Amino acid sequence: MDFGGPCLPSPAFAATLRQTTSEAARVERLAGLCKLWGFVKYFHPTLAHRPDIDWDAALVATIPKVQNANTSTEYGAALQQLLDQLKDPATKVLKSAPAERLNVSEQLAYRLTEDGTLVVTVGSYYQLWAPPSQQILKTLLTEIPAGT
């Protein structure tokens, strides 16, 4: 059966696709916010000794900013505002610019960003005690300049 030309999606269908894509991005960003919030709540040492920080209120204030973020830059800014509540200069959102890779193993990797921030990525916390990971950590400690 010939309909007389190529089959093109209707404008309504195209708008639905764009809406679905932006909705998926919004949901992904909200999920990322919640993962970051939860990780900081249970693992960041600042919250253990700073009862003046209302981390729950910080989350509530950040949700609308993340929902309204249209770009990765806006999303990163919203997350940074959340992290700013910790008043910890070492806890920050890093740009995804290429960085010099220093070392990689199955257990952990570390790299130095352009601004001199050391980023350590751990695959499994329990593997940190394995001899290969311990050797990498010892090497890493000797490479950190004194006074930093």
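A nonpolar core is a set of buried Ala, Val, Leu, Ile, Met, Phe, Trp, Tyr and Cys residues joined through side-chain atoms within 4.5 Å. Buried, here, means under 20% relative accessible area. Keep both in mind. One more point before we start: the model is predicted.

Let's begin with the overall layout. The protein has five helices and three strands. Walk along the sequence and the order reads α-α-α-α-β-β-β-α. There are 148 residues, and 25% of them count as buried.

Now to the core. Which residues of the largest nonpolar core touch the most other members? They are L33, V40, L47, W55, V66 and L86. The whole core has 17 residues. Where do its members come from? Three elements give two or more residues each: α1, α3, which spans 55–67, and α4, which spans 72–84. The largest share belongs to α4, with five residues.

Next, salt bridges. How many are there? The count is three. Let's take them in turn.

Start in helix α1. E23 pairs with R26, and their closest N and O atoms are 2.8 Å apart. Both residues sit in that helix, three residues apart, which is about one turn. Is E23 buried, partly exposed or exposed? Its relative accessible area is 38%, so it is partly exposed. R26 has 26% relative accessibility, so it also falls in the partly exposed class.

The second salt bridge joins D56 and K41, at 3.7 Å from N to O. Why does this pair tie together separate parts of the sequence? Because D56 lies in helix α3 and K41 lies in helix α1, the pair links parts that are 15 residues apart in sequence. Check the exposure again. D56 has a relative accessible area of 41%, and K41 has 30%. Buried stops at 20% and exposed starts over 50%, so each of these two is partly exposed.

K41 has another contact to look at. Its charged end sits over the ring of Y42, 6.0 Å from the ring centre. So find K41 on the model, then look for both D56 and Y42.

The third salt bridge is R50 with D52. Their closest N and O atoms are 2.7 Å apart. D52 is exposed, with a relative accessible area of 55%.

On to the aromatic rings. How many aromatic pairs are counted? One. The rings belong to F39 and F43, with centres 5.0 Å apart and planes at 35°. Why is the pair called tilted? Planes under 30 degrees apart would count as stacked, and over 60 as edge-to-face. At 35°, the pair is neither, so it is tilted. Both residues lie in helix α1, which covers residues 11–43. They are four residues apart, about one turn of the helix. Both F39 and F43 are exposed.

Last stop: a patch on the surface. Which residues make the nonpolar patch? L112, L118, V120 and V122 do, over about 260 Å². Strand β3, residues 118–122, gives the largest share, three residues. V122 is in that strand. Its relative accessible area is 38%, so V122 is partly exposed. A patch residue must have over 30%, so V122 meets that cut-off.

To recap: a core of 17 residues, three salt bridges, one aromatic pair and a nonpolar surface patch. That's my tour.

Key:
Residues numbered from 1 in each chain as written. Predicted model: local features only at pLDDT ≥ 70, side-chain atom pairs only at ≥ 80, totals over all residues. Heavy atoms only, no water. Patch = residues over 30% accessible without salt bridge, like charges linked within 9 Å, V, L, I, M, F, W, Y side chains within 5 Å. Areas by Shrake-Rupley, 256 points an atom, 1.4 Å probe, with all protein chains shown as cover. Salt bridge = Lys/Arg side-chain N within 4 Å of Asp/Glu carboxyl O. Buried < 20%, exposed > 50% of the residue type's maximum accessible area, 1.4 Å probe, protein only. Phe/Tyr/Trp six-rings, centres within 6.5 Å; stacked < 30°, edge-to-face > 60°. Lys NZ or Arg CZ within 6 Å of the ring centre and 35° of its normal.
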